[in-house]
Amino acid sequence: MLKKFLKLINNLPFKFTIAHVETFGSQTRVLKEGKLDSPESWDLLRRDHPHFSISSNRKEWLEICNLKTKKDGQDGGLIRRAKDIVALLKESYVTSLFSVGAGGAGLEYHVKNMFPQLYLVCSEYAADNVDLLKKVFLEADEVVSFDMKAIDWKQALRQREVGEHLVLMYRIDPHATDKEWRKIFERMHGEDVKNILFIPCGFLTLHSLIKRKWRILKLSLQGESFVFSGYLRTRMTYESYWDGLYRAKLHKFGGLDGYYLQHKDIPVR
């Protein structure tokens, strides 16, 4: 009983969002307006930061995709995560996937390799990121420029309506406010986006909150500078974004929690 209570407390069973700051070494001081929330700032990191950079060399990019590395969006569970996603896609008869904010596209590369019949579109809102992926991710059916806050979804999905489509949102959650996320889901619902796979960076817990505050304190004492890098949220905050719009099923994808969301107007199979 005590163990369950402590777990409940650690999970912070209420809606709660806090601003997130991070340090990026020598790039910290030159990010646009001291924030990581613009295409310009992301393009800078994609060019120069060892954790976020994307190689313009196809061979090097493939080597990074296949490494069990903690590079942006990748970790030791990446290949298993791709397998779990492909299993869900096939089980749900999905034939077209639109990935939002693909970054280095390591996950998307493995998904396409495992499911070559899938029509795969990778999108990014940072121009240099789009150009880099076009050079190296030759397996993708399309690489497009897309800002989920500004472009309507019907336009984005117009050529992918044959069969079942799915929008993949993998670890892109920090950079929109709670109000913006709710509007994004309302727009997707209103424009008939049927299936969404939403895998957040992680959930804010009491343990992670204390650990993060302690880390920031230590780095501050060492003279590190920080930039605004989005938001951290509890599980209930995320679930409020699609409440009343989509049915949600929680799954594990290579060790990460993710939500498979289906438009409420779709009949339950």
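Select α2 and α6 to begin: in this predicted model, the axes of α2 and helix α6 (residues 127-136) come within 7 Å and cross at roughly 40°, and the two helices are therefore oblique to each other. The residues that make the contact are Asp43, Arg46 and Arg47 on the α2 side, with Ala127, Asp128 and Asn129 on the α6 side.

Keep Arg46 selected, since this residue of helix α2 (residues 39-48) repays a separate look. Is Arg46 buried or exposed? Its relative accessibility is 4%, and Arg46 therefore counts as buried, the cut-off for that class being under 20%. If residues up to four places away in sequence are set aside, Arg46 touches Phe52, Ser53, Ile54, Asp72, Gly103, Gly104, Glu124 and Asn129; Asn129 is also one of the α6 residues in the helix contact just described.

Now add α5 to the view, together with helix α4 (residues 78-91). Two packed helices are described by the angle between their axes and the distance between the axes. For α4 and helix α5 (residues 106-114), the angle is about 55° and the axes are 9 Å apart, which makes α4 oblique to α5. The crossing in which α4 passes α5 is right-handed. To display the contact, select Leu78, Ile79, Arg81, Ala82, Lys83, Ile85, Val86, Leu89 and Lys90 in α4, and Gly106, Leu107, His110, Val111 and Met114 in α5.

With α5 still shown, exchange α4 for helix α3 (residues 58-65), which packs against α5 at an angle of about 85°, again with a separation of 9 Å between the axes. How are α3 and α5 arranged, roughly parallel or roughly perpendicular? An angle of 65 to 115 degrees counts as roughly perpendicular, and α3 and α5 are therefore described in that way. Here Trp61, Leu62 and Cys65 of α3 meet Gly106, Tyr109 and His110 of α5. Gly106 and His110 are worth highlighting, because they appear in this list and also among the α5 residues in contact with α4.

The next stop is helix α8 (residues 178-190), where the length can be checked against expectation: at 1.5 Å a residue, its 13 residues should span 18 Å, and the end C-alpha atoms are 18 Å apart, which agrees. Which residues of α8 are buried? They are Trp181, Ile184, Phe185 and Met188, and because they cover an arc of only 90° around the axis, they lie on the same side of α8. An α-helix has 3.6 residues a turn, so residues three or four places apart point the same way. Turn the helix over to find Lys179, Lys183 and Gly190, which are exposed on the other side of α8.

Follow the chain past the end of α8 to Asp192, in the loop between α8 and β6 (195-199). Asp192 has a positive phi of about 65° although it is not a glycine, and at 39% relative accessibility it counts as partly exposed.

For another positive phi, go to Leu12, which sits in the loop between α1 (2-10) and β1. Its phi is near 50°, in a residue other than glycine, and its relative accessibility of 9% means that Leu12 counts as buried. Then select α1, the helix that Leu12 comes just after: α1 is hardly covered, and the count of buried residues among its nine residues is zero.

Continue into strand β1 (residues 17-22) and select Glu22, which is buried, with a relative accessible area of 14%. What lies across from Glu22 at 194 residues along the chain? Ile216 does, and the C-alpha atoms of Glu22 and Ile216 are separated by 8.2 Å. Leaving out residues up to four places away in sequence, Glu22 touches Arg212, Arg215, Ser225, Phe226, Val227 and Ser229.

Finish at Thr237, in helix α10 (residues 235-241), where the relative accessible area is 2% and the residue is buried. Apart from residues up to four places away in sequence, the contacts of Thr237 are Lys15, Phe16, Thr17 and Asp178; showing these four with Thr237 completes the tour.

Technical notes
Residues are numbered from 1 along each chain as its sequence is written. This is a predicted model: local features need pLDDT of at least 70, side-chain atom pairs count only at pLDDT 80 or more; totals for chains, interfaces and linings use all residues. Side-chain values use heavy atoms; hydrogens and water are left out. Helices (H or I, at least four residues) and strands (E, at least two) are DSSP runs, numbered from the N terminus. Buried means under 20% relative accessible area, exposed over 50%, partly exposed in between (1.4 Å probe, protein chains only). Contact means heavy atoms within 4.5 Å. The expected span of a helix is 1.5 Å times one less than its number of residues. The arc is that of the directions from the helix axis to the C-beta atoms. Axes are lines fitted to C-alpha atoms, for helices over the stretch in contact, and angles run from 0 to 180 degrees between N-to-C directions. Angles under 35 degrees count as roughly parallel, over 145 as roughly antiparallel, 65 to 115 as roughly perpendicular and the rest as oblique. A crossing is left-handed if the near helix is turned anticlockwise from the far one by less than a right angle, and right-handed if clockwise.
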